[in-house]
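Subject: Structure for your review

Hello,

Here is the structure I said I would pass on. Please look it over before reading my notes underneath.

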Amino acid sequence: MTRRHGYGLFAAMITLVVAVSTAIYVGATLDDGTTPQAKTVSRARGDSGNAVAPASAGTWVGTWSASPVGGEPGTAVQGLAGRSLRNVVHTSAGGTSARATLSNLYGTQPLTIAHASIAVAAAANSASADAGTMRRLTFGGSPSVTIPAGQQIVSDAVRIVVPRDSDVLVTTYSAIPSGPVTYHPHARQISYAALGDRTEDPYAAAYTEQVEAWRYVTALDVFSNEADGTVVFLGDSLTAGTTSSVGTNSRWPDVLSDRLHAAAETGADVPHYSVLNQGIGGNRVLKPGGLSIPAPNASGLERFGRDVLDHPNVKVVVIDLGVNDILRSRNPKALKASSIVAGLRQMVAEAHGRGLRVVGATLMPFGGFHGYSATTEGLRQAVNAEIRAGRVYDAYVDFDKAMRDPRDPRRFLPGFNSGDHLHPSDAGYARMAEVFDLEELKGAAPARL
């Protein structure tokens, strides 16, 4: 071999080593939310990843979520050991890979998930899976995981084509008693359970138990090339969709998600965002719904970081809170509207600290509801006055004006009333989404000097 050939061979070997080393380094360290990766520990969402997911253009966004509310009654000792829990969740954005968050926030002991799976549902509201999409979820490469009490964990990314506006099945199985099951009740969506380990069973026959709740599963992310960010809706039962028709995805954030997608499809200058609904029935700005630690139904201020800021690629926050602070106050005459407004401003400041724009909503009328009085009406009007004056949010949607009866502004228009004078009908929820100006979702937090 000549010296020239020797140098050439040596250079080729060096080039090969550098190329391989670079590939390994990039695969191990790229962590900017643009490459699908597996999350294996309880961390802030929006970082980390997995080499099993395809290397393609896109970004991680949240396609569905539900805030953990408390421990499910009747599960304090045994949990739901020996059952497969098949959660039906509905997507707001499609993707080519997915990862799920499992929560033991309200558990009192470690939760061991023996197996978990994800699949696209064969039909809407069904426990039956499209068999070709059934995938086993892993956690750090293992099919089982133990989640400490008070913690959550995000699965490894798995390759699966998840369509937008579709039902996805996230199934967990625990063989060991785990204590209280962290859940989200009043889901307006039926999920299922079966005896034994049926996590990878694509058929619905064994899933004979039905429940209107999501158990353990609190979020689903997708690696998407159709959405480049996430908008999170923080609210109470009015955002969670209480009184909307079960299984129809008629909550107002669902309807707004469809509007946003349809507008983007026509080429309108609107953001390409996925939508996450973090509504909890009875939720308040200032106080939690219980006294334990962590408190069931944690206040908006307490859960803002976990339920809003920790999701991937959040661009905008929409807040509709304050009604329950008024209606659930033990002494409305001692409550000050300025306290509610201060709490809302604190959340806005936290979002601004992340560079996020915040759109808020005026408080809708509740005349005729059992908590109504001249005092509670005055508090509502005082909060709304601050919002309309531009002293709370970057922008606002005037739900009060859109939903009230012009002949009696203290009440809903009859067609928008579900019957309890507090929660909208399906038509009312659609109206809320209709009057929301999609242009308000554009831009970041304004500069504050």
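The notes below go from the whole chain to the sheets, then to the helices and two loop residues.

The model is predicted, so please read everything here as computed from that model. The protein chain has 449 residues, of which 54% count as buried. Its secondary structure comes to nine helices and 23 strands. Among contacts between residues at least 6 apart in sequence, 79% join residues at least 24 apart.

Parallel sheet

One open sheet has five strands in the order 18-17-19-20-21, and its pairing is parallel. At its edges stand strand 18 and strand 21 (395–397); each has a single partner strand, so one side of each is left without a neighbour in the sheet. Neighbouring strands of this sheet are turned by 20° against each other on average, with direction ignored. Within the sheet, strand 17 and strand 19 pair in the parallel sense over six bridges. F233 stands opposite V318 in strand 19.

Antiparallel sheet

A further open sheet has six strands, ordered 7-6-11-3-13-14, with antiparallel pairing. Its edge strands are strand 7 (135–136) and strand 14 (209–211), each of which pairs on one side only. Strand 6 (residues 115–120) pairs with strand 11 (residues 167–174) in the antiparallel sense, over six bridges. The bridge partner of V120 in strand 11 is V168.

Helix 4

How many of the ten residues of helix 4 are buried? The count is seven, so the helix (residues 300–309) is mostly covered, given that buried means under 20% relative accessible area. The buried residues are G300, L301, R303, F304, D307, V308 and L309. What covers them includes strand 17 (229–235), strand 18 (273–279) and strand 19 (314–320), as well as helix 6 (337–353). Strands 17, 18 and 19 also belong to the five-stranded parallel sheet.

Helix 6 and helix 7

The axes of helix 6 and helix 7 (residues 374–388) come within 9 Å and cross at roughly 40°. The two helices are therefore oblique to each other. Helix 6 passes helix 7 in a right-handed crossing. On the helix 6 side, the residues that meet helix 7 are A337, I340, V341 and R345; on the helix 7 side they are L379, A382, V383 and E386. By class, this contact has six nonpolar residues, no polar residues and two charged residues.

Two loop residues with positive phi

Most residues other than glycine have a negative phi. Two residues of this chain are worth listing against that background. N125 is not a glycine, yet has a positive phi of about 60°. N125 lies in the loop between strand 6 and strand 7, and is partly exposed, with a relative accessible area of 30%. D165 also has a positive phi, near 60°, in a residue other than glycine. D165 is placed in the loop between strand 10 (158–162) and strand 11. Is D165 buried, partly exposed or exposed? D165 is partly exposed, with a relative accessible area of 40%. Both loops adjoin strands of the antiparallel sheet: strands 6 and 7 in the case of N125, and strand 11 in the case of D165.

Regards

How values were computed
Residues are numbered from 1 along each chain as its sequence is written. This is a predicted model: local features need pLDDT of at least 70, side-chain atom pairs count only at pLDDT 80 or more; totals for chains, interfaces and linings use all residues. Side-chain values use heavy atoms; hydrogens and water are left out. Two strands pair if DSSP finds at least two bridges between them. Helices (H or I, at least four residues) and strands (E, at least two) are DSSP runs, numbered from the N terminus. Buried means under 20% relative accessible area, exposed over 50%, partly exposed in between (1.4 Å probe, protein chains only). Contact means heavy atoms within 4.5 Å. Axes are lines fitted to C-alpha atoms, for helices over the stretch in contact, and angles run from 0 to 180 degrees between N-to-C directions. Angles under 35 degrees count as roughly parallel, over 145 as roughly antiparallel, 65 to 115 as roughly perpendicular and the rest as oblique. A crossing is left-handed if the near helix is turned anticlockwise from the far one by less than a right angle, and right-handed if clockwise. Ala, Val, Leu, Ile, Met, Phe, Trp, Tyr, Cys and Pro count as nonpolar, Asp, Glu, Lys and Arg as charged, and the others, Gly among them, as polar.
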